[in-house]
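Subject: Handover of a structure and notes on its contents

Dear colleague,

Please find below the structure that I am passing on to you. I would be grateful if you kept it open while reading the notes that follow it.

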Amino acid sequence: MRIDLHTHSTASDGTQPPAEVIVSAARAGLDVVALTDHDTTAGWLAASVAAQQHGVHLVRGTEFSCRVNGVGVHLLGYCFDPTFQHLREAMDHSRSRRVDRAQQIVHVLAPSTGLTWSDVVIQVQEDGPIGRPHIADALVSLGVVPDREAAFAQYLSERHIAGINSQHRDAATLIRWIRDAGGVSVLAHPRAAREPVIDDEAISGLTEAGLAGIEVQHRDHDLDAQAALAFLAARLDLVATGSSDYHGSGKPNRLGENTTHPDAFAELMSRVGETQTSAQ
Ligand code: AMP
Ligand code: MN
Ligand code: MN
Ligand code: MN
């Protein structure tokens, strides 16, 4: 069984619509794929229809933007009730913070690049969450840079946008809400070298809030980081996952380039709904 638990569609910053992500997943020989767009569940319906047609098992997920001690982290929530009020509000909050942040970034880049807000807005699907990749795509469309990678290297890295704070929700709070909504959460790429990271102690703190797993095999982790995370997962009784973080043609990440072991997937799914409450 081949299992990839982290992908993006045009519902956030991927380049393929949700149904096409599923078709690509089937072609890549995946049996299980999670659609985990940033701060939205908008792609779930189209993905689930396509998954039925193509014999792929869809795991419904979202990659939530949040923070731990002021450091931005990404949290993968799976199998939660998408109508759960606190999570709806958290996603709405993140999406509106993203608009504020993107406007500030455009303001900073306008003098040197000629970038305007409308150049960026046309890169975003409907009311999908706006992110730096859309600003990157706008810079590509203006001919300022050849591709997203170059846009990040020259204009959009953490270093470039250091003063612009996105004020996302606290990760422990989101982990509790995801559990309350019947789901499970996995910390995404906790040691991705290009962004600031949180230490082992902070990850340990998140397990007390109910974190179920950490993403270990991911292209932004070198082998040392993967070994250290696998060790940490074992110590903290966290499920170790592996995923591609596919973004279509927006990133080099290929579907199934990292996968989750079937036993780890079974363990993760066994933790779904463990503490669901009816309170909202
Ligand atoms: P944001 O959501 O606005 O914080 O932007 C972060 C997103 O940018 C991540 O989810 C990645 O998909 C993407 N990203 C980060 N670094 C790069 C890069 N060097 N090239 C292409 N995409 C990137
Ligand atoms: Mn992304
Ligand atoms: Mn991420
Ligand atoms: Mn991602």
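A polar contact is a pair of N or O atoms within 3.5 Å. Please bear in mind that the model is a predicted one.

The ligand and its surroundings

How near does an oxygen atom of ligand 1 come to an N or O atom in the side chain of R101? The two atoms are 2.2 Å apart. With R132, the partner is a backbone N or O atom, and it lies 2.8 Å from an oxygen atom of ligand 1. With E149, the side chain is again involved: one of its N or O atoms is 3.0 Å from a nitrogen atom of the ligand. On its own, ligand 1 has 500 Å² of accessible area, and the protein covers 92% of it.

Ligand 1 sits in the largest pocket. The shell around it is made up of 13 residues, and the closest of them are H38, R101, R132, E149 and H247. By type, the shell divides into eight charged, three polar and two nonpolar residues.

Which helices each supply at least two residues of this shell? They are α3, which covers residues 85-113, α5, which covers 132-141, and α6, which covers 148-156. Helix α6 gives the most, with three residues.

H6 and its partner D245

You will find H6 in the loop between β1 (3-4) and α1 (18-27). Is H6 buried or exposed? H6 is buried, because its relative accessible area is 0%, and the cut-off for a buried residue is under 20%. The side chain of H6 makes a polar contact with the side chain of D245, at 2.7 Å.

D245 belongs to the loop between β8 and α10. D245 has a relative accessibility of 3%, so it counts as buried. The backbone of D245 deserves a look as well: phi is near 60°, a positive value in a residue other than glycine. Most residues other than glycine have a negative phi.

Another positive phi

E126 is not a glycine either, and its phi is positive, at about 40°. The residue is found in the loop between α4 (117-121) and α5. Is E126 buried or exposed? E126 counts as exposed, because its relative accessibility is 79% and the cut-off for an exposed residue is over 50%.

The loop between β8 and α10

The loop that holds D245 also holds S243 and E257. Strand β8 covers residues 239-242, and helix α10 covers 262-270. S243 is buried, with a relative accessible area of 0%. How far apart are S243 and T259 in space, C-alpha to C-alpha? The distance is 5.0 Å, and the two residues are 16 residues apart in sequence.

E257, at 29% relative accessibility, counts as partly exposed. That value falls between the two cut-offs, under 20% for buried and over 50% for exposed, and therefore leads to the middle class. From E257 to Q217 there are 40 residues in sequence, and their C-alpha atoms are 9.3 Å apart in space.

Two further residues

V140 is found in helix α5, one of the helices that supply at least two residues of the ligand shell. V140 is partly exposed, with a relative accessible area of 29%. V140 and A150 are 10 residues apart in sequence, and 9.0 Å separates them in space, C-alpha to C-alpha.

F64 has its place in strand β3, which covers residues 57-68. F64 counts as buried, because its relative accessibility is 1%. The C-alpha atoms of F64 and A266 are separated by 22 Å, and the two residues are 202 residues apart along the chain.

When you go through the structure yourself, you may wish to begin with the contacts of ligand 1 with R101, R132 and E149, and then to turn to the pair formed by H6 and D245.

Yours sincerely,
A colleague

Note on methods:
Residues numbered from 1 in each chain as written. Chains lettered and ligands numbered in written order. Predicted model: local features only at pLDDT ≥ 70, side-chain atom pairs only at ≥ 80, totals over all residues. Heavy atoms only, no water. Near = heavy atom within 4 Å. Polar contact = N/O pair within 3.5 Å; in protein donor to acceptor, adjacent residues only side chain to side chain. Areas by Shrake-Rupley, 256 points an atom, 1.4 Å probe, with all protein chains shown as cover. 1 Å grid on protein atoms, 1.4 Å probe; cavity = no way out; pocket = protein on both sides within 12 Å on 5 of 7 lines; lining within 4 Å. Sits in = over half its atoms within 2 Å of the grid points. Helix = DSSP H or I, 4+ residues; strand = E, 2+ residues; numbered from the N terminus. Nonpolar A, V, L, I, M, F, W, Y, C, P; charged D, E, K, R; others polar. Buried < 20%, exposed > 50% of the residue type's maximum accessible area, 1.4 Å probe, protein only.
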